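This report goes through the side-chain packing and pairing of one protein chain, for a reader who has the sequence and the coordinates to hand. It begins with the chain as a whole and then turns to single residues and pairs.

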Amino acid sequence: MAKSGRTKQKEADLEYSVAKQVEKMISEVHEQAIVSCDAVHRERRILLKQEIGRMVLFFTDQPSLLAPNIQMVFSALALAQSEVIWYFQHVGIASSKSKATRIVPVEIDPSDPTIGFLLDGMDRLCCLVRKYIAAIRGYALSYLSSCAGRIRFLLGTPGMVALDLDASFKGFFQQIVQHLENIPKPQSENISAITCDLSEFRKDWLSILMIVTSARSPVNIRHLEKATVSTGKEGLLSEGNAAYNWSRCVDELDLQLSKHGSLKTLYFYHQHLTAVFRNTMFGPEGRPQHCCAWLGVASCFPDCSSPIVPEEVTKVGRDAVLYVESLIESIMGGLEGLINILDSEGGFGALENQLVPEQAALYLNTISRVLIPSVKSPKGTVGFPLPGHESYPDNNSSIKMLEAAMQRLTNLCSVLNDMEPICVLNHVFVLREYMRECILGNFRRRLLAALKTDTDLQRPSVLESLIRRHMSIVHLAEQHISMDLTLGIREILLTEAFCGPVASLHLFDKPVEQLTGSATEVVCNWYMENIIKDVSGAGILFTPMHKCFKSTRPVGGYFAESVTDLRELQAFVRLFGGYGVDRLDRMMTEHTAALLNCIDTSLRSNREVLEAIAGSMHAGDQIEREACSKQIVDLDTVIGFCIEAGQALAFDKLLTEASGAVLDEGAPLIYSLIAGTVKHMPEEIPEKKEIGRIRRAATSVNVVEDHDSEWVRSILEEVGGANDASWTLLPYLFATFMTSDIWIMTGFNVDTGGFNNNVHCLARCINAVIAGSELVRLEHEHQQRQSLSNGHTAEALDPEIHNRLTAEASIKAAMQIFVKFAAGIVLDSWSEANRSHLVAKLIFLDQLCEISPYLPRSSLEAQIPYAILRSIYSQYYSNSPSMPLALLSMSPRQSPAVSLSHVSPIVRQPRGELTPQNSAGSNDSGFFKGSSSHVQEQLYGTGSASLRSSENRHRNIRRSGPLDYSSSRKLKYGEGSASGGSTGPSPLPRFAVSRSGPISYK
């Protein structure tokens, strides 16, 4: 007993020792498998990637060979399925040894690009099988039909006869042959309509295999193989097995495809799928076409749920939808990233580098200073990239990056466009629509982001170039998408320019609260706040010579001229169209209407004072006029409002010029139609509603002669202004502006053609407000006459011409009243001790005559001899730019103010050269100093000797002679003036040739 016990103990110890050794070996093998499994499976994935890629290419090119090799395709699908599932089962999972305290992580690369290739290869193979499923089924039917004869032949061979099978066994074989012979014959036209169930055939064949593999069967599997293989053909078992496999390609082809090609198990690792997709899709080895396979995996996720558990169906479906949405978000993010890469300064922006004139000048100056030939290379000498820098060898990588981004973008667009909709339960995801929304949404965001720089508003021309560059990228993508993206971009631009109801676009009467897009609102508000109102105090000045606004310091990131010249405004019009122009015009209209209301308030509050001033002016009572002028309330404030209104008029004029240029360029027929219509419109007062509408449209594209007057007229009509009798005193109010202290610091700048404090905008305001108010006043009077006579008015012979002539005559009369009394105030306020403001006022009146179509220069020459202005302009334009003219100096030798104590330049002319051209060189010679008493005598004396002296000088030389500022001076000079250029458009071209010198006033 003891011996037996010891023997059993030894056996137990031996078994335990063997078990421990086996456990140790298993543990070592397990650890080694953990270490080496990733490399082994990585090699398999690489092999499958290559082979499946070749299979896809081969069967795509030779689809007729797919059916004979369908078993190989199923094998490849099964192996790829196994590798993909293994990868996601182990990625990010930790595996433990026998001891729980020691954990060995499975180091699986989450950015393995072969996964995308395998998923894509499986998806494309499944698509090929589905595409040629009828051919595969037809080939299987043909094979089974031919297999019936071969099996019958093998059953009759001597070897099978010698086996002496029992009756039941022979019955199974006869049933197999009958099943195969009963298969319908395939015909090309109705293969898809053939339906047959071969499950009984497969059941009988499996019964035969169970019998021959049983140990109790007298006939085993080797007996059958040896009995039939001697024929030199396939044995009976091989034929039967092949028939079994091909029978599944007849009635179970979809089942096999879903079995070997389905990846529904990946649902349990869908979070890992999302992470791996994001790491591999847009990597260096990622392919855009793989996204279809990644998304298609979700279609089979609901198969993992059990129909008898409704909660599970809901949860799995929700997870599948979230998975697809997450992947689509990543795909669209990558698409947007590719577009933004191409749209960056390092993308297409690097290929559009152009030197502005300042940069070109800096570059030429830098090159000219370099004396060493080796340093004269243009590359990097001035600190900014030069055109063509992308052609240098060291920039090849950036160009290749651009090419790769373009290729990836076009491939991704093509793939997403051709991709079938993704169906997950009752959700359908159409990637083409997602792509459209992504591209258009990105365009909208880029547009709004490009509106402003880090400092302030982006220049319209730069914004236009950025949008054009982005649109070129969109057009590149549009070539691979079967939808119109250009229409979508136009809709976005329209939305950013106008977002009101579409019905209001068809209304001629614009709504009071017209809604506009955010982009247009931002740009228009910036122009109003920084250019028109100058809230930042940047010193905005309108320069008539350059037709733009300038500033003494930057407005945000640019000087004012960089955003207000004609080229920039044309870019604004091209960007935001007529809706943007209407919005900016509406803002300026509201602003100007408020300023005109201030003028109306000033007229009403100062009505009695202005009536007294008018009476004193007509009576020639200077003392009373000056006393009444001092009683006007807030005169300088009203002048400031008028200057601001003039700035708005100037800006709106520039805006209409830009609109007209853009319309003429883009739609020349419409532009010519409007221009031709304006020429033949009836000039009746009041205008018909339709005529007024056409005139406003013509004003907005700058095809009317007097834009300012028409614009002010439309504003006054809209707000109901100029309907009070106090507006008849408007010329007298404007004439009192000559008494303001604003002229003390006013100076003329020959480089800009304007004044240093925008007083030239005051001239534009005076002309427009007088003309516009007179037109509105005449309309009101006409309407009052119609209402008093109950519509029975006596019509003139030609009422339209009569009305228009009446309006022009009324405007001219008002303008002449202003010029007459303004010139009188200017000349009466002159004194030897205070004449610094005289030059600015005289040039101001001359500019008013140049601006106004209702005020010929002859009307100014009747008040102020043009020789004075000619002398002033001569001194301004003959001065050296390096020695600017002192405007505020009290010395007559340094001031262009005409000194009335100058000696006549006749005594300084060379003998025999008495023409004005020969005296041009002596006009800057010394000044004679006369006494103040002599000057005053010359100004206000009315003796006949003075008149005769003046007439004698007119007869002796062809220039304006000494002036007599008496009450009869204007009439006498107007009748006998010999100045031939007084009615010309501008004195400046004439002065460039003939510059007269100072004039003697004795």
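What follows describes the fold, the nonpolar cores, the aromatic pairs and the charged pairs of a predicted model.

## The chain as a whole

The protein has 1002 residues, of which 47% count as buried, and its secondary structure comes to 37 helices and eight strands. When contacts between residues at least 6 apart in sequence are considered, 76% of them join residues at least 24 apart.

## Nonpolar cores

The largest nonpolar core has 240 residues, and Phe88, Trp294, Leu335, Ile531, Phe818 and Phe844 are those with the most contacts inside it. Phe88 may serve as an example: when its neighbours within four places in sequence are left aside, Phe88 is in contact with Ile115, Leu266, Tyr269, His272, Leu273, Val276 and Trp294. Trp294 thus appears both as a contact of Phe88 and in the list of residues with the most contacts inside the core. Another core, of nine residues, lies apart from this one, and its members include Ala675, Met681, Ile691 and Val701.

## A buried threonine in a loop

Thr746 belongs to the loop between helix H28 (730–735) and strand S7 (748–749). Is this residue, Thr746, buried or exposed? With a relative accessible area of 2%, Thr746 is buried, because buried means under 20%. A polar atom of the Thr746 side chain lies 2.7 Å from the backbone oxygen of Ile742.

## Aromatic pairs and charges over rings

A pair of aromatic rings is described by the distance of the centres and the angle of the planes. A search of the whole structure finds 24 aromatic pairs. One of them is the tilted pair of Phe301 and Tyr323, with 5.4 Å from centre to centre and 55° between the planes. Phe301 lies in the loop between helix H12 (290–296) and helix H13 (310–342), whereas Tyr323 lies in helix H13, so the pair ties together parts that are 22 residues apart in sequence. Phe301 is buried, with a relative accessible area of 0%, and Tyr323 is buried as well, at 2%.

Tyr732 and Phe821 have ring centres 5.8 Å apart and planes at 35°, so this pair is tilted. Because Tyr732 lies in helix H28 and Phe821 in helix H30 (residues 799–828), the pair ties together parts that are 89 residues apart in sequence. Tyr732 is buried, with a relative accessible area of 9%, and Phe821 is buried with a value of 8%.

Beyond these pairs, one aromatic cluster is formed by Trp526, Tyr527, Phe542, Phe549, Phe572, Phe576 and Phe651. Charged side chains also meet rings in this model: the charged end of Lys49 sits over the ring of Phe117, 4.2 Å from its centre, and Arg150 lies over the face of Tyr143, at 5.2 Å from the ring centre.

## Salt bridges

Side chains of opposite charge can pair when their charged atoms come close. The count for this model comes to 43 salt bridges, and three of them are set out below.

| Salt bridge | N to O distance |
|---|---|
| Arg445 and Glu336 | 2.8 Å |
| Glu568 and Arg459 | 2.8 Å |
| Asp846 and Arg857 | 2.9 Å |

The salt bridge of Arg445 and Glu336 links distant parts of the chain, with Arg445 in helix H16 (residues 431–450) and Glu336 in helix H13, 109 residues apart. How does each partner of this bridge count by accessibility? Arg445 counts as partly exposed at 45% relative accessibility, and Glu336 counts as partly exposed at 21%.

In the bridge between Glu568 and Arg459, Glu568 is in helix H21 (residues 566–605) and Arg459 is in the loop between H16 and helix H17 (460–478), the two being 109 residues apart. Both Glu568 and Arg459 are buried.

Asp846 in helix H31 (residues 838–851) and Arg857 in helix H32 (residues 857–861) are 11 residues apart, and both of these residues are buried. Elsewhere, salt bridges that share partners join Asp600, Arg604, Arg607, Glu611 and Asp724 into one network.

Methods
Residues are numbered from 1 along each chain as its sequence is written. This is a predicted model: local features need pLDDT of at least 70, side-chain atom pairs count only at pLDDT 80 or more; totals for chains, interfaces and linings use all residues. Side-chain values use heavy atoms; hydrogens and water are left out. A nonpolar core is a set of buried Ala, Val, Leu, Ile, Met, Phe, Trp, Tyr and Cys residues joined through side-chain atoms within 4.5 Å. Buried means under 20% relative accessible area, exposed over 50%, partly exposed in between (1.4 Å probe, protein chains only). Contact means heavy atoms within 4.5 Å. Helices (H or I, at least four residues) and strands (E, at least two) are DSSP runs, numbered from the N terminus. A polar contact is a pair of N or O atoms within 3.5 Å; within protein, one must be able to donate a hydrogen and the other to accept it, and residues adjacent in sequence count only if both atoms are side-chain atoms. Rings of Phe, Tyr and Trp (its six-membered ring) pair if their centres lie within 6.5 Å; planes under 30 degrees apart count as stacked, over 60 as edge-to-face and the rest as tilted. A charge sits over a ring if NZ of Lys or CZ of Arg is within 6 Å of the ring centre and within 35 degrees of the ring normal. A salt bridge is a side-chain nitrogen of Lys or Arg within 4 Å of a carboxyl oxygen of Asp or Glu.
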